[in-house]
Amino acid sequence: MIEGWRWFGPVDKITLPEVAQTGATAVVTALHDIPYGVVWSVEDIQERQKIILAAEVGLSWQVVESLPIHEDIKKGTGDLGSLFANYRQSMANLAACGVETICYNFMPLLDWTRTTLNAPLRGGGTALRFSAPHMAAFELFMLKRPEAEDDYTPEAISAAKIWFQQSTVQMQDVLLNSIMAGLPGAYDRYSVDSLRNALSGYDGLGRDALRANYERFLQEVIPAAADLGMKMCVHPDDPPRDILGLPRIVSDAADIDWILSAVPDRANGLTLCSGSLGANPVNDVPAIARQFADRIHFAHLRNVSKELDGSFQEAEHLTGDTDMVDLIAALLAEEARRADEGRADAQIVMRPDHGHELGPDLGRGAHPGYPFVGRLRGLAELRGVIAGLSHSLN
Ligand code: DNO
């Protein structure tokens, strides 16, 4: 596997020499300052490449994460022709610069969602956490979306009531900021009011309509990606369930099957994110990896521990509910199969996804979920598994 590292660009608190020190070779990055829907110019792409090369530490930009999809495409409203044309132009510009793998998601409004960014761990580290009671409190009592009652267990709702009654305004602010922390760009961070307003743009848009809009997007961009020799890879929903009353359509094996069959071209592929998929109790992540192996273009490796009320917390990379060794075995088997076919791109880029904040990470202010030491620990553990399995395969 090719070891990747997500780097948020010059604003990232972690430097490129540090990235190189982890042993990773592939930079995973994006032009986060460019608003959704605007073309990524060759100049802007090259500028980012120059910054990476100028560090002179043997890194290169290999995966885009993400080339975001404008909300109008998800809603199926507005000047879609220009938005699709812009997306294809960004793809063509990336291809012209030699960046050929694009990770994206199709989650309405939000990206990954957590309710706590610093749940305490043994010895003082911290982890990202999704608390069903806290999310229920946000939806029911801050956003005031009564239908949310249907989305949570009775236990989560009673705990939500207690939490909300005891919460201070400051605690509610922290909760809102934690929920918004997954949006990586400089745009579209919501307050409770602006979120309510943005949600109203999705009123009446159900699962089938969202799927139809997604299928249209695939039909518009996958043929162009195939012509350019690019690999598009959708990232699963996180958490993999409906949230804020918005449908989620990239959450389990049936969804992935539908997406990959909608436009059956290898350019229409998957980001195998073990943490996102692993938060849904119906998902057997190694089995999903085996089922869709030939369409996996990129892997995010991390683990979560699920709780009965729908909460989950990010675990160490090798502990948690997903059998990481089995998952890596599935990915290595796919690489071997590709190598047998003589494919130049047999190796899959993986990156250690998220990490606990450990030791010197605390207070360093890295992007939530993306600290240095915690991810380095994850990468080192994953590397050990890969080395062990590769040794026995050989
Ligand atoms: C979370 C990430 C996601 C991912 C996007 C892809 O840490 O895995 O935010 O980058 O969903 O579009």
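Which residues of α5 are buried? They are A132, P133, M135, A136, A137, F138, E139, L140 and M142. This is a predicted model, and helix α5 is a handy place to start looking around in it.

**Around helix α5**

Helix α5 covers residues 132-142 and is mostly tucked away, with nine of its 11 residues buried. What do those buried residues pack against? Their partners are β6 (126-130), α6 (154-166), α7 (169-180) and α8 (192-200).

Take a look at both ends of the helix, too. At the start of α5, S131 points a side-chain oxygen at the backbone nitrogen of H134, coming within 2.9 Å. After α5 comes K144, which has a positive phi near 60°.

One α5 residue to click on is F138. Leaving aside residues up to four places away in sequence, F138 touches L143, K144, L175, L176, I179, V192, L195 and L244.

**The nonpolar cores**

F138 also turns up in the bigger picture. The largest nonpolar core has 110 residues, and F138 and F217 are the ones with the most contacts inside it. Helix α9 (residues 207-228) gives this core its largest share, eight residues. There's a second, separate core as well, made of seven residues, including A26, V28, V63 and V349.

**Where α9 meets α10**

Two packed helices are described by the angle between their axes and the distance between the axes. For α9 and helix α10 (residues 253-262), the axes come within 10 Å and cross at roughly 40°. That crossing is right-handed.

Which residues do the meeting? From α9 there are R207, R211, Y214, E215 and L218, and from α10 there are A254, D255, W258, I259 and A262. Sorted by type, the residues of this contact come out as six nonpolar, four charged and no polar.

**The loop between β7 and α10**

Now step back along the chain from α10 to the loop that joins β7 (231-235) to it. A few residues here are fun to visit.

P236 sits in this loop. Is P236 buried or exposed? With a relative accessible area of 1%, P236 falls under the 20% cut-off, so this proline is buried. Skipping residues up to four places away in sequence, P236 touches M107, V250, T271, C273, S276 and L277. P236 and L270 are 34 residues apart in sequence, while their C-alpha atoms are 8.2 Å apart in space.

P239 is in the loop between β7 and α10 too. The peptide bond joining D238 and P239 is cis, with omega about 0°.

Then there's L244, also found in the loop between β7 and α10. This leucine has a positive phi near 55°, though it is a residue other than glycine. L244 counts as buried because its relative accessibility is 3%. You've met L244 already, as one of the residues that F138 touches.

**Other loop residues**

N283 lies in the loop between α11 (274-278) and α12 (285-291). Its side chain reaches the backbone oxygen of L277 at 2.9 Å. N283 touches S251, D252, A253, L277 and I288, again not counting residues up to four places away in sequence. So L277 is a contact of N283, and L277 is also among the residues touched by P236.

E56 is in the loop between α2 (42-54) and β3. E56 is not a glycine, yet its phi is positive, about 55°.

A bit further on, S66 has its place in the loop between β3 (60-65) and α3 (71-75). The peptide bond leading from E65 to S66 is cis, with omega near 0°.

Finally, G365 is in the loop between β12 (349-352) and α14 (372-393). How many residues apart in sequence are G365 and L205? They are 160 residues apart, and 37 Å apart in space, C-alpha to C-alpha.

Here is how some of these loop residues compare for accessibility.

| Residue | Relative accessibility | Counts as |
|---|---|---|
| P236 | 1% | buried |
| L244 | 3% | buried |
| N283 | 11% | buried |
| G365 | 46% | partly exposed |
| E56 | 70% | exposed |

Methods. Residues are numbered from 1 along each chain as its sequence is written. This is a predicted model: local features need pLDDT of at least 70, side-chain atom pairs count only at pLDDT 80 or more; totals for chains, interfaces and linings use all residues. Side-chain values use heavy atoms; hydrogens and water are left out. A nonpolar core is a set of buried Ala, Val, Leu, Ile, Met, Phe, Trp, Tyr and Cys residues joined through side-chain atoms within 4.5 Å. Buried means under 20% relative accessible area, exposed over 50%, partly exposed in between (1.4 Å probe, protein chains only). Helices (H or I, at least four residues) and strands (E, at least two) are DSSP runs, numbered from the N terminus. Contact means heavy atoms within 4.5 Å. Axes are lines fitted to C-alpha atoms, for helices over the stretch in contact, and angles run from 0 to 180 degrees between N-to-C directions. A crossing is left-handed if the near helix is turned anticlockwise from the far one by less than a right angle, and right-handed if clockwise. Ala, Val, Leu, Ile, Met, Phe, Trp, Tyr, Cys and Pro count as nonpolar, Asp, Glu, Lys and Arg as charged, and the others, Gly among them, as polar. A polar contact is a pair of N or O atoms within 3.5 Å; within protein, one must be able to donate a hydrogen and the other to accept it, and residues adjacent in sequence count only if both atoms are side-chain atoms.
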